[in-house]
Amino acid sequence: MNAEEMKRAAAARAAELVRDGMRLGLGTGSTARHFVAIVGEKVRAGLKVVCVPTSEATRLQAEAEGIPLTTLDETPALDLTVDGADELDDSLRLIKGGGGALLREKIVAAASRRMVVIADGSKHVDVLGRFPLPIEVNPFGLRATQEAIVQVLARRWPSAPLTLRRGTDGNPYVTDGGHFILDAALQRIDEPEALANDLVAIPGVVEHGLFLGLASGAVIATDGGLVELGQLG
Ligand SMILES: O=C(CO)[C@H](O)[C@H](O)COP(=O)(O)O
């Protein structure tokens, strides 16, 4: 299987969890895109669901698929969210935000009774951190917030690069919420809970890409077949 086939296979397994009447969170990224497409096929075949997209990109795709959408204001509790990840470990701790949608992804995951991660095997790691950790910040006071983050990181990572994410036009990348993203190249995060606590305490940090205690299960597509972690049902 090539990478796209693996993503599709993981998405198809997660789509088997979808039942009539469910309230779904729809993730963001190239793997979640397969899930949204499969849900679209099921909706056109008669499935009744309402969905909350985790980004404007996913909203556009879901609308094009004819998937009925709702908001967390109308529907504050969801049954299941299916989303991709940039990294996941055996304890279902994640790094997310490579696609820039971490804030809405985390809000939607936290509003869901279950979150199932879909990924290809390259995302499954022993220790989080090789993927740079996205940290979403308010543009106001960027420099001060950046320096505060550097100070916090310096306790464990004295020289970790912290880079302002830029778009293809060279300008700072702006999230759906109007924020910027700083990517922290940490290589290895041995205590993600401690780092998460430190980051949320910094004024100006809107959210970070450590998803801890949110995922209940995962479907990982490998050359040897699908591997399931945690609880899917
Ligand atoms: O967190 C995300 C977007 O903010 C994505 O879920 C993550 O980047 C994985 O994307 P892909 O499936 O394209 O590898």
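Hi everyone, this is a short walk through one helix pair and one sheet in a predicted model.

Let's start with the helices. H1 covers residues 3-15 and H2 covers residues 30-44. Their axes come within 8 Å and cross at roughly 50°. That angle makes H1 oblique to H2. As for handedness, the crossing of H1 past H2 is right-handed.

So who does the touching? On the H1 side, the contact includes Glu4, Lys7, Arg8 and Ala11. From H2 come residues including His34, Phe35, Ile38 and Glu41. If you sort the residues of this contact by character, you get seven nonpolar, three polar and five charged.

Now please turn to the sheet. How many strands form it, and in what order? There are four, arranged S8-S9-S7-S10, in an open sheet with antiparallel pairing. Strands S8 (162-164) and S10 (205-208) stand at the edges; each has a single partner strand, so one side of each has no neighbour in the sheet. From one strand to the next, the twist averages 30°.

Let's zoom in on one pair. S7, residues 133-137, and S9, residues 180-184, run antiparallel and are joined by five bridges. If you'd like a spot to find on screen, look for Ile135, which stands opposite Leu182 in S9.

Finally, two helices meet this sheet. H4, residues 102-110, packs on the sheet and touches S7, S9 and S10. The direction of H4 makes about 65° with that of S10. H6, residues 192-200, lies across S7 and S10, and runs at about 160° to S10.

Thanks for listening!

Note on methods:
Residues are numbered from 1 along each chain as its sequence is written. This is a predicted model: local features need pLDDT of at least 70, side-chain atom pairs count only at pLDDT 80 or more; totals for chains, interfaces and linings use all residues. Side-chain values use heavy atoms; hydrogens and water are left out. Axes are lines fitted to C-alpha atoms, for helices over the stretch in contact, and angles run from 0 to 180 degrees between N-to-C directions. Angles under 35 degrees count as roughly parallel, over 145 as roughly antiparallel, 65 to 115 as roughly perpendicular and the rest as oblique. A crossing is left-handed if the near helix is turned anticlockwise from the far one by less than a right angle, and right-handed if clockwise. Contact means heavy atoms within 4.5 Å. Ala, Val, Leu, Ile, Met, Phe, Trp, Tyr, Cys and Pro count as nonpolar, Asp, Glu, Lys and Arg as charged, and the others, Gly among them, as polar. Two strands pair if DSSP finds at least two bridges between them.
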